[in-house]
Amino acid sequence: MSQPAPSPAPAARPALLSFLGGVRTVTGSKFLVETDLGRILVDCGLFQGVADLRRRNWDKLPCDAADIRAVVVTHAHLDHCGYLPRLVRHGFRGPILTSAATARLAEIVLRDSARLQMEAAEHANRHGWSKHRPAKPLYDDADVEQTVKFFDPVTVGSEVEITAGTKLRLHHGGHILGSAWAHLTLEDGHTLAVSGDLGRPGHPLLLPPEPFTGADVLLMESTYGNRRHDQETAQREFASVIKRALSRGGTVVIPAFAIDRTEVVLHELAALRRDGTLPRHVPVYVDSPMALAALDVYRAAVRSRSPELRPEIIAAGESAMSPEPFLAARTVQESIDINNTTGPAVIVSSAGMATGGRVLHHLHRILPDPRNAVVIVGFAAEGTRARDLVDGARVLKMFGEYVPVRAEIADVPHFSAHADADQILDWLRGAPAPHTTYLVHGEETAAATLRDRIEHELGWTAVVPRSGEAVLVR
């Protein structure tokens with residue numbers, strides 16, 4: 001007697017994609033992918049900027065951190081990796097999958113983030129300027145120490161299995177060293193691509209991002225979705241403001257992200273040193289332990305001839321990022337010494353949006369003097385001090401007091417490592433159309449503008465999602 005044929009296994013249900021951060025804002029990128037066999041978080045960033053956003057860092061996620069099987073991190077900027085120690089504090093114990101360079105840089109970023117938060121809490125408690133009694137850091141050194149144990153570097157270009165039936169492949173993203181765009185093949189066969197922060201073809205150190213090859217669903221960053229970079233004009237204005245300030249006997253402060261932006265700024269200053277715009281007697285200070293640690297990682301990449309770097313950078317060697325003489329400030333006392341100097345100087349210090357860090361002490365000193373200048377060299381998010389300066393603020397609040405802004409303020413955002421709108425469309429052009437493209441990691445106007453261009457120029461279905469929204473991947 002024949003046996004009845006076994007019932008076919010039930011088909012896997014479509015994955016559910018939830019937008020937990022990085023939606024209608026440029027910070028806090030977190031995208032949760034839920035399948036029948038587990039939850040995967042793509043990026044795990046910290047919210048920055050206005051107080052309402054920063055408060056969201058204290059909110060609980062919609063699922064238990066312990067239930068997340070793995071985290072994929074596209075690159076080492078704080079708005080993409082800075083929430084990891086908080087996730088680990090709440091019970092996450094899975095692998096953190098990323099490129100080897102991102103793992104090295106993210107460890108530097110997270111250690112610095114914990115230190116700044118601990119220092120800010122201590123300063124607030126000592127001086128009484130926080131609303132919280134007592135003020136506490138979001139996470140501390142011990143949380144970071146635990147977090148770095150879960151980094152699990154993967155080879156860019158190779159396919160790895162995250163959970164049964166779900167595979168990941170990273171592709172070079174050209175944004176910062178180690179950055180990648182991610183391609184996930186889910187257990188039901190559908191695919192999801194996440195751009196991370198896409199690099200621009202004109203990055204002075206890195207090769208352009210690897211081409212987009214298609215996916216059923218695409219998460220596309222839109223930071224510069226309504227803008228166009230003008231690199232030549234940016235370089236001229238950068239040189240011009242430095243020349244003007246130095247001719248007045250002033251100091252130039254350049255708030256710069258410690259990861260990649262400092263390296264790019266040093267590359268530009270080295271060129272100005274060579275052509276005489278920046279005289280050799282004018283000191284250049286790099287005042288950021290994190291930036292100096294990251295610079296060591298970039299130098300190691302040059303020595304190892306990393307395939308991410310442009311050939312001319314490898315040929316130039318470490319001098320490509322060294323406007324000699326430049327002086328490194330690693331200790332607090334060295335930073336204080338810089339802040340006590342007078343006369344013409346250039347100070348490169350983090351954080352890039354002036355949300356915290358040593359750059360605040362330099363701004364506190366130089367902003368009231370019209371001989372000085374501040375150069376904003378990247379994207380300045382709403383609610384940050386850098387954005388306030390760009391928007392013409394006459395005073396800036398720091399350390400519980402208002403400081404008058406009399407220094408020259410120069411906005412040179414075209415040094416950004418992000419692709420602009422035209423470059424994003426060029427990256428998408430030629431790939432098969434996704435079922436849906438979601439515009440993320442951009443302020444609302446930028447995301448909406450890019451959505452419209454993708455719809456009109458490519459004929460794709462494009463959506464600006466809402467925070468907390470969940471959609472099917474199909």
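How do the residues of the lining of the second largest pocket divide into nonpolar, polar and charged? In this predicted model, the split comes out as 9 nonpolar, 6 polar and 2 charged. The pocket itself has a volume of about 290 Å³, and 17 residues line it. Closest to its centre sit A100, A101, S306, P307 and E308. As for secondary structure, α4 (100–127) and α8 (289–303) each put at least two residues into this lining.

Those two helices turn up again in the cavities. Searching the whole structure gives 3 cavities of 30 Å³ or more, and the largest cavity has a volume of about 60 Å³. Its walls are made by D112, R115, L116, D287, S288, P289, M290, S350, G357 and R358. Here too, α4 and α8 are the elements that give two or more residues to the lining, with α4 giving the most, at 3 residues. By residue class, the lining of the largest cavity holds 3 nonpolar, 3 polar and 4 charged residues.

Next comes the sheet that α8 packs on. Six strands make up this open sheet, running in the order β14-β13-β15-β12-β16-β19 with parallel pairing. At the edges are β14 (326–329) and β19 (408–411), each of which pairs on one side only. Ignoring direction, neighbouring strands are turned by 20° against each other on average. At the β14 end, β13 (residues 284–287) pairs with β14 in the parallel sense over 4 bridges, and Y285 stands opposite L327 of β14. Helix α8 touches both β13 and β14, and its direction makes about 120° with that of β14. So what does α8 have a hand in, besides this packing? Together with α4, α8 supplies residues to the lining of the second largest pocket and to that of the largest cavity.

Elsewhere in the chain, A70 is worth a look. This alanine lies in strand β4 (residues 68–72). Is A70 buried or exposed? A70 counts as buried because its relative accessible area is 1%, against a cut-off of under 20%. Leaving aside residues up to four places away in sequence, A70 touches R39, I40, L41, F92, P95, L97 and I162. V405 is another matter: 335 residues apart along the chain, the C-alpha atoms of A70 and V405 are separated by 46 Å.

Note on methods:
Residues are numbered from 1 along each chain as its sequence is written. This is a predicted model: local features need pLDDT of at least 70, side-chain atom pairs count only at pLDDT 80 or more; totals for chains, interfaces and linings use all residues. Side-chain values use heavy atoms; hydrogens and water are left out. On a 1 Å grid over the protein atoms alone, a cavity is a set of points where a 1.4 Å probe fits but cannot get out, and a pocket is an open set with protein on both sides within 12 Å along at least five of seven lines; lining residues have an atom within 4 Å of a point. Grid points are joined across faces, edges and corners, and a volume is the space filled by probe spheres set on the points. Ala, Val, Leu, Ile, Met, Phe, Trp, Tyr, Cys and Pro count as nonpolar, Asp, Glu, Lys and Arg as charged, and the others, Gly among them, as polar. Two strands pair if DSSP finds at least two bridges between them. Axes are lines fitted to C-alpha atoms, for helices over the stretch in contact, and angles run from 0 to 180 degrees between N-to-C directions. Contact means heavy atoms within 4.5 Å. Buried means under 20% relative accessible area, exposed over 50%, partly exposed in between (1.4 Å probe, protein chains only).
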